Amino acid sequence: MSTDFERVVNDIYVPKAEFLLESLNKDTNVDCSGLTILDFGCGSGHFVEALNRTGFSKVEGIDSLQSAVMQAQKHGLGAQVSHTPIDTTEDSLRRSGIDIVSMMCVLPHLTEPGKTIELMRKSGIRWTFQKFPMWSFALLLEAAMPNLRSRVIGADHTNAFTWKSVSWLEQNYGLRRIATW
């Protein structure tokens, strides 16, 4: 990830936040600015900042890596981003009042992604905004190049999804897709 926080937020994450806002506006009659968003696995806070810039007013991020949270705090997100030890992250999903949980490449870290999706559903979370790696030819090329660190499959991202696996998650956990990027 680039060390240029502003460029990464503006070029990569603001378009995703705008897509989320547009998708919700098309599907609901809800005032999206008042929705509470938890960016689960927020890393250095790029998406949290993008959501702020897009007009969402109730944004919070959590991450299990203290070093990532410290980077977010350096960018002025200290009040919105907090460290949550890995063994207590599920507690964050059980809190009441969360409307949307965003996960930017978090599902590939989980050994049981369905369990987390089920927990969100049972907790009354209305929407989830997921970004996850999909199997593709580019993924195979990245993996074959020894001088290139693949952002999709590496030491910390251990799996990629197919359209069939996404459909399986939707069918088995009662999810309804409202938009696809």
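This report describes a predicted model, beginning with its sheet and moving on to its helices, salt bridges and two backbone features.

## The sheet and its strand order

The sheet is an open one, built from 5 strands that follow the order β3-β2-β1-β4-β5, and the pairing is parallel. The edge positions belong to β3, residues 81-83, and β5, residues 127-131, each of which pairs on one side only. From one strand to the next, the twist averages 20°.

Within this order, β1 and β2 run parallel and are joined by 5 bridges, with Lys 58 in β2 as the bridge partner of Thr 36. Between β2 and β3, which also run parallel, there are 3 bridges, and here Asp 63 has His 83 in β3 as its bridge partner. On the other side of the order, β4 and β5 pair in the parallel sense over 5 bridges, and Ile 100 stands opposite Trp 127 in β5.

## Helices that connect and cover the strands

Helix α2, residues 46-54, packs on the sheet and touches β1 (36-40), β2 (58-63), β3, β4 and β5, while its direction makes about 180° with that of β2. Together with the strands β1 and β2, helix α2 makes a β-α-β unit that is right-handed. A further right-handed β-α-β unit is made by β2, helix α3 (residues 66-74) and β3, and strand β2 thus takes part in the unit with α2 as well as in the unit with α3.

## The two sides of helix α7

Which residues of α7 are buried? In this helix, Val 166, Leu 169 and Glu 170 are buried, and they lie on the same side of α7 because they cover an arc of only 100° around the axis. What covers these buried residues includes helix α5. The face turned away from the buried side of α7 carries Lys 164 and Gln 171, which are exposed.

Glu 170, which lies in α7 (residues 163-172), has a relative accessibility of 17% and therefore counts as buried, since the cut-off for that class is under 20%. Leaving aside residues up to four places away in sequence, Glu 170 touches Leu 175 and Arg 177. Just after the helix, Gly 174 takes a positive phi of about 65°.

## Salt bridges along the helices

A search of the whole structure finds 11 salt bridges, and several of them can be followed along individual helices. In helix α1, residues 5-27, Arg 7 and Asp 11 are 4 residues apart, so about one helical turn separates them; their side chains meet in a salt bridge at 3.9 Å, N to O. Arg 7 counts as partly exposed, at 38% relative accessibility.

In helix α2, Glu 49 forms a salt bridge with Arg 53, and the closest N and O atoms are 2.8 Å apart. Both residues lie in this helix, 4 residues apart, which is about one turn. Glu 49 counts as buried at 15% relative accessibility, whereas Arg 53 is partly exposed, with a relative accessible area of 33%.

In helix α5, Arg 121 forms a salt bridge with Glu 118, again with the closest N and O atoms 2.8 Å apart. Because Arg 121 and Glu 118 are 3 residues apart in α5, about one helical turn separates them. Glu 118 is buried, with a relative accessible area of 18%, whereas Arg 121, at 44% relative accessibility, counts as partly exposed. Elsewhere, salt bridges that share partners join Glu 90, Asp 91, Arg 94 and Lys 115 into one network.

## A positive phi at a residue other than glycine

Where is Cys 105 found? Cys 105 is found in the loop between β4, residues 100-104, and α5, residues 113-122. Its phi is positive, at about 60°, although Cys 105 is not a glycine. At 15% relative accessibility, Cys 105 counts as buried.

Notes
Residues numbered from 1 in each chain as written. Predicted model: local features only at pLDDT ≥ 70, side-chain atom pairs only at ≥ 80, totals over all residues. Heavy atoms only, no water. Helix = DSSP H or I, 4+ residues; strand = E, 2+ residues; numbered from the N terminus. Buried < 20%, exposed > 50% of the residue type's maximum accessible area, 1.4 Å probe, protein only. Contact = heavy atoms within 4.5 Å. Arc of directions from axis to C-beta. Pairing = 2+ DSSP bridges. Axes fitted to C-alpha atoms, helices over the stretch in contact; angles between N-to-C directions. Salt bridge = Lys/Arg side-chain N within 4 Å of Asp/Glu carboxyl O. Right-handed = clockwise from strand over helix to strand, strands pointing away.
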